[in-house]
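Please look through the sequence and the model shown here before reading on. The report that follows begins with a pair of residues and then widens to the chain as a whole.

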Amino acid sequence: MFRKKDDAGSPGPKDGEGDMSAPPLKPFSKRGSHTPPKLPSKTTFTPTEAPRRAVELPSLSAPRRLDRPRLGDADSKRLTVGREICLSGEITCCDKLVVEGRVEATLSDARAIEVASSGYFKGRAVVNEADISGRYEGDLIAHDRLVVRAGGLVTGSIRYGRIIIESGGRISGDMQALADVEGADEPPVPQGTPSTF
């Protein structure tokens, strides 16, 4: 069945008979033929392959965005003096002043003043509305409404359009309704009043 072929003229297979001989072997390489060849890999990076995107840099001329939303122009002109803060001087162009600390000042061109229960205001204020829960000393003109909350104390020269005093609120000094006073914009200033806390 297996015969050795003669190089010199041995007869080949007859028609219809299949060649049973094995194909010739390939010589071994130095690495061996048992590992598959590696595909060429791309190890270099070219910048043209990276997708391009625009980088947004903040502009120095652009307005700064606040983290919290703006509630309107009224809140943008609000000044809050926090607890354990002392402020003295003149306050202008303020729509609403909230006092939680100590303030010695003249307040003009304001819509409202609010003195919290921990707050102390000493000076002069001309406003439309005043809401006092802490201490207020000095001259106060509230064109529309003055509210003295429980625990609030107002002393000095006080002019008001309407007044509301809660149970526990106290007032003392020269008090008059604006309708009863002529020249209500300029109440008399007490003489000899110290200007320090």
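## Strands side by side

In this predicted model, Gly123 stands opposite Gly138, a residue of strand E7. This pair belongs to the pairing between strand E6, which covers residues 120-132, and strand E7, which covers residues 135-148; the two strands run parallel and are joined by twelve bridges.

Strand E7 also pairs in the parallel sense with strand E8, residues 153-165, again over twelve bridges. Within this second pairing, Leu146 has Ile163 of E8 as its bridge partner. As general background, the side chains of a regular strand alternate between the two faces of the sheet.

## The chain as a whole

The protein chain contains one helix and nine strands, and, when it is read along the sequence, the helix is followed by the strands in the pattern α-β-β-β-β-β-β-β-β-β. Of its 197 residues, 25% count as buried, while the chain exposes about 15500 Å², of which carbon and sulfur atoms supply 53%.

Among the contacts of the protein chain with a separation of 6 or more, 11% are accounted for by residues that lie 24 or more positions apart.

## The nonpolar core

Which residues touch the most other members of the largest nonpolar core? This core has 25 residues, and those that touch the most other members are Leu97, Leu107, Ile113, Phe121, Ala130, Tyr136 and Leu146. Strands E3 (96-99), E4 (102-107), E5 (112-115), E6, E7 and E8 each supply at least two residues of the core.

Leu97 gives a detailed view of such surroundings, because, when residues up to four places away in sequence are not counted, Leu97 touches Leu79, Val81, Ile91, Leu107, Ala112, Ile113, Glu114 and Phe121.## Salt bridges between parts of the chain

The model has eight salt bridges. In one of them, Glu114 is joined to Lys96, with the closest N and O atoms 3.3 Å apart; Glu114 lies in strand E5 and Lys96 in strand E3, so that pair links distant parts of the chain that are 18 residues apart. Glu114 itself is partly exposed, with a relative accessible area of 27%.

In another, the side chains of Arg149 and Glu166 meet at 2.9 Å, N to O. Arg149 lies in the loop between E7 and E8, and Glu166 in the loop between E8 and E9, so the pair ties together parts that are 17 residues apart in sequence. Arg149 is partly exposed at 29% relative accessibility, and Glu166 is partly exposed with a relative accessible area of 30%. These two residues are also linked with Asp131 in a network of salt bridges.

## Strand E9 and its neighbours

Asp174 and Arg159 form a salt bridge through their side chains, at 2.9 Å from N to O, and this pair links strand E9, where Asp174 lies, with strand E8, where Arg159 lies, across 15 residues. Are the two partners buried or exposed? Asp174 counts as partly exposed at 35% relative accessibility, whereas Arg159 is buried, with a relative accessible area of 3%.

Arg170 is also found in strand E9, which covers residues 170-177. The C-alpha atoms of Arg170 and Thr155 are separated by 8.5 Å, although the two residues are 15 apart along the chain. Leaving aside residues up to four places away in sequence, Arg170 touches Val148, Gly152, Leu153 and Val154.

## Cysteines

The count of disulfides comes to zero. Cys93 is in no disulfide, and the nearest cysteine sulfur, that of Cys94, is 9.1 Å away, whereas a disulfide would need the two sulfur atoms within 2.5 Å. Cys93 is exposed, with a relative accessible area of 60%, and Cys86 also counts as exposed, at 55% relative accessibility.

Conventions
Residues are numbered from 1 along each chain as its sequence is written. This is a predicted model: local features need pLDDT of at least 70, side-chain atom pairs count only at pLDDT 80 or more; totals for chains, interfaces and linings use all residues. Side-chain values use heavy atoms; hydrogens and water are left out. Buried means under 20% relative accessible area, exposed over 50%, partly exposed in between (1.4 Å probe, protein chains only). Helices (H or I, at least four residues) and strands (E, at least two) are DSSP runs, numbered from the N terminus. Contact means heavy atoms within 4.5 Å. Accessible areas come from the Shrake-Rupley method with a 1.4 Å probe; for residues, only the protein chains shown count as cover. Two strands pair if DSSP finds at least two bridges between them. A nonpolar core is a set of buried Ala, Val, Leu, Ile, Met, Phe, Trp, Tyr and Cys residues joined through side-chain atoms within 4.5 Å. A salt bridge is a side-chain nitrogen of Lys or Arg within 4 Å of a carboxyl oxygen of Asp or Glu.
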